[in-house]
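Student: Could we go through the charged pairs and the nonpolar packing of this chain, one question at a time?

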Amino acid sequence: MTLNNSLNNDKPSGISTGWLALIIILAVIIADQALKIWVKTSFYMGESYPITSWFQLKFIENNGMAFGMELWNKLVLTFGRIFAVGLFIWFLSKIKDVAGIRKGFYVCVALITAGAAGNIFDCVFYGVIFNNPMPPELATMFPPDGGYSTWFEGRVVDMLYFPFFDFYWPQWMPFVGGQYYEFFAYIFNLADSAICVGVLMLIFFYSKDASLAFKYLGKEEETDNKLK
């Protein structure tokens with residue numbers, strides 16, 4: 001009996017973990033891209049649409065990571081995302097039938113994978129398939145004069161904005177006195193949300209499942225080495 005079979009005696013019934021992960025990944029990517037394309041072609045840069053007093057759709061773009069952060073070179077970020085998605089897919093394929101790992105763990109990894117993949121499409125394709133007109137003109141998909149950049153140099157579209165509250169710091173406060181402050185001023189997208197939800201769920205609810213998954217990979221590698 002192989003190591004994989006010995007760990008699969010209690011494999012859960014219902015939808016397989018592989019199909020569950022695939023459905024989540026595709027659903028998140030499709031929803032993320034549909035919303036981005038709609039915002040990109042319906043809003044001019046900087047335009048916002050209030051949903052509630054604390055939630056708006058506001059169209060911005062960024063060259064960097066989640067929540068508009070910019071830490072590394074653009075190409076490094078793009079190929080880093082591609083590598084990360086490949087690694088997560090490999091990870092899911094290796095552990096998809098391990099007994100004892102709850103399905104919620106696969107949901108977490110699938111959300112993180114989908115989030116990373118969602119922003120790859122922006123970086124790889126958007127610079128070529130969209131133009132970038134000055135406001136209040138709207139962007140056009142597949143413009144006759146070409147896109148605003150080249151392959152792998154596209155900007156990530158963000159739109160989810162939650163300005164819960166804001167205020168000015170009292171003048172007597174050191175360093176920040178009199179300055180404007182807005183709580184949660186970040187603007188992000190569905191892909192960013194999927195990554196954050198997946199990571200938080202993993203940390204708070206599925207850390208033991210992660211340990212079991214890595215333990216299984218370690219044992220499998222050890223078995224492979226013995227067979228060589």
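Student: Is K40 buried or exposed?
Tutor: This is a predicted model, and the call rests on a computed relative accessibility, for which the cut-off for buried is under 20%. K40 has a relative accessibility of 1%, and therefore K40 counts as buried.

Student: Which residue meets the side chain of K40 in a salt bridge?
Tutor: The N to O distance of this pair is 2.4 Å, and the criterion asks for a Lys or Arg side-chain nitrogen within 4 Å of an Asp or Glu carboxyl oxygen. The pair links distant parts of the chain, with K40 in helix 2 and its partner in strand 2, 21 residues apart. The partner, at 14% relative accessibility, also counts as buried. The residue that meets K40 is E61.

Student: Which arginine also meets E61 in a salt bridge, and where does that arginine lie?
Tutor: The N to O distance here is 3.1 Å, and the two residues are 94 apart in the chain, with E61 in strand 2. The arginine lies in the loop between helix 4 and strand 3 (156-161). That arginine is R155.

Student: Which residue is linked with D32 and K36 in a network of salt bridges?
Tutor: D32 and K36 form a salt bridge whose closest N and O atoms are 2.9 Å apart, and both lie in helix 2, four residues apart, about one turn of the helix. D32 counts as buried because its relative accessibility is 1%, and K36 counts as buried because its value is 0%. The network that links D32 and K36 also takes in D122.

Student: How many salt bridges does the count come to by this rule?
Tutor: The pairs discussed so far include D32 with K36, K40 with E61 and R155 with E61. By the same 4 Å rule, the count comes to six.

Student: Turning to the nonpolar packing, which helix supplies the largest share of the largest nonpolar core?
Tutor: This core has 29 residues, of which F91, I95 and F105 touch the most other members. Helix 2 (17-42), helix 3 (74-95), helix 4 (103-129) and helix 6 (207-227) each supply at least two of its residues. The largest share, 11 residues, comes from helix 4.

Student: How many residues are in the second, separate core?
Tutor: Its members include F43, F59, V157 and L160. The size of this second core is 13 residues.

Student: Leaving aside neighbours within four places in sequence, which residues does I95 contact?
Tutor: I95 is one of the residues that touch the most other members of the largest core. With those sequence neighbours set aside, the contacts of I95 are F105, Y106, A213, Y216 and L217.

Methods
Residues numbered from 1 in each chain as written. Predicted model: local features only at pLDDT ≥ 70, side-chain atom pairs only at ≥ 80, totals over all residues. Heavy atoms only, no water. Core = buried A, V, L, I, M, F, W, Y, C linked by side-chain atoms within 4.5 Å. Buried < 20%, exposed > 50% of the residue type's maximum accessible area, 1.4 Å probe, protein only. Contact = heavy atoms within 4.5 Å.
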